[in-house]
Each structure stands twice: as C-alpha cells, then as structure tokens.
Amino acid sequence: MDLLLKDKVVLITASSKGIGKATAELFLKEGSKVVISSSNSANLEKASDELKELTGTEPQAIVCDINSKNDLTSIVKETNEKYGKIDVLVN
C-alpha cells in the first residue's frame with residue numbers, strides 16, 4: 001500500500017462504471033476514502049457493492065447529476081461534512 005494515498009479523501013464523479021469505477025477501485029486499494037457518484041442510483045448501488053467486494057472497503061456513494069450545479073454543490077458539501085476535506089477530485 002502506498003502511504004501517500006492512505007486516508008486521502010477522493011471524490012470521483014460519474015464513477016459507477018468504466019474508467020471512473022476503475023479509478024475508484026485503485027484509490028480504495030491504496031487506502032483512500034472514496035466518494036463515488038452517478039445520476040443513476042441503481043448503477044451507483046451496483047458499483048458500490050462491486051467495489052466493496054473487490055477491495056474490502058465500501059465507498060461512500062452519492063447520487064449526483066454532474067450537469068446540475070445544485071447536485072455538484074451538494075456532493076462537495078456532503079463529502080466535506082463527512083470527511084472534513086477533499087484531497088483529490090477526479091472528473
């Protein structure tokens with residue numbers, strides 16, 4: 001495990017599949033606290049379950065439409081409320 005990423009807070013938008021999900025997996029495996037998002041709650045729940053199975057760590061999953069300024073403001077606020085910071089943002 002790379003100690004540089006341990007306990008870092010990582011917010012990844014549009015991360016229920018593809019590159020975003022793979023990125024979340026890598027950060028989780030390195031010990032980061034990861035927040036994943038998708039506008040589709042079913043896809044987000046499935047991705048969260050799969051990531052927990054692959055890494056042993058469950059990401060924080062938040063429904064967010066990246067085209068909505070209100071949703072983006074909300075996900076940043078929720079992440080900061082839970083973890084007190086955001087170290088890495090992946091869009």
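1. In this predicted model, glycine G84 comes just after helix α3 and takes a positive phi of about 80 degrees. Helix α3 itself covers residues 69-83. The 15 residues of α3 should span 21 Å at 1.5 Å a residue, and the end C-alpha atoms are 21 Å apart, so the two values agree.

2. A similar description can be given for helix α1. Just after α1, G31 has a positive phi of about 90 degrees. Helix α1 runs over residues 18-29, 12 residues in total. From the first C-alpha to the last, α1 reaches 17 Å, which is close to the 16 Å expected at 1.5 Å a residue.

3. Two residues other than glycine deserve a check of their backbone angles. Most residues other than glycine have a negative phi. D7, in the segment before β1, has a positive phi of about 65 degrees although it is not a glycine. A14, in the loop between β1 and α1, has a phi near 50 degrees, again a positive value in a residue other than glycine. As to exposure, D7 counts as partly exposed because its relative accessibility is 37%. A14 likewise counts as partly exposed, because its relative accessibility is 45%.

4. The sheet is open and has four strands in the order β3-β2-β1-β4, with parallel pairing. Strands β3 and β4 are the edges, each pairing on one side only. From one strand to the next, the twist averages 15 degrees.

5. The pairings can be taken one by one. β1 and β2 run parallel and are joined by four bridges; in this pair, I12 stands opposite I36 of β2. The path from β1 through α1 to β2 forms a β-α-β crossover that is right-handed. Four bridges also join β2 to β3 (residues 60-63), and these strands run parallel. There, V35 stands opposite Q60 of β3, and S38 stands opposite V63 of β3. The unit made by β2, α2 and β3 is a right-handed β-α-β unit as well. On the other side of β1, the pairing with β4 is parallel and extends over three bridges, with I12 opposite V90 of β4.

6. How do the helices lie on the sheet? Helix α1 packs on the sheet and touches β1, β2 and β4. The direction of α1 makes about 170 degrees with that of β1. Helix α2 also packs on the sheet, in this case touching β2 and β3, and the direction of α2 makes about 150 degrees with that of β2.

7. Which residues of α1 are buried? They are G20, K21, T23, A24, E25, F27 and L28. The elements that cover these buried residues include β1 (9-12), β2 (33-38), α2 (41-55) and β4 (88-90). Strand β2 is mostly covered in its turn, since five of its six residues are buried.

8. The largest nonpolar core has 10 residues in all: V10, I12, A24, F27, L28, V34, I36, L44, A47 and L51. Each of β1, α1, β2 and α2 supplies at least two residues of this core. A second, separate core has five residues, among them L11, I62, C64 and I75.

9. I12 merits a separate remark. Residues up to four places away in sequence being left out, I12 touches G20, T23, A24, F27, V34, V35, I36, S37 and V90. I12 belongs to the largest nonpolar core, and this residue stands opposite both I36 in β2 and V90 in β4.

10. Is T13 buried or exposed? T13 is buried, because its relative accessible area is 8% and buried means under 20%. This residue lies in the loop between β1 and α1. Apart from its neighbours within four places in sequence, T13 is in contact with S37, I66, V90 and N91. A14, which lies in the loop between β1 and α1, is by contrast partly exposed.

Key:
Residues are numbered from 1 along each chain as its sequence is written. This is a predicted model: local features need pLDDT of at least 70, side-chain atom pairs count only at pLDDT 80 or more; totals for chains, interfaces and linings use all residues. Side-chain values use heavy atoms; hydrogens and water are left out. The expected span of a helix is 1.5 Å times one less than its number of residues. Buried means under 20% relative accessible area, exposed over 50%, partly exposed in between (1.4 Å probe, protein chains only). Contact means heavy atoms within 4.5 Å. Two strands pair if DSSP finds at least two bridges between them. A crossover is right-handed if, with the strands pointing away from the viewer, the path from the first strand over the helix to the second runs clockwise. A nonpolar core is a set of buried Ala, Val, Leu, Ile, Met, Phe, Trp, Tyr and Cys residues joined through side-chain atoms within 4.5 Å. Axes are lines fitted to C-alpha atoms, for helices over the stretch in contact, and angles run from 0 to 180 degrees between N-to-C directions.
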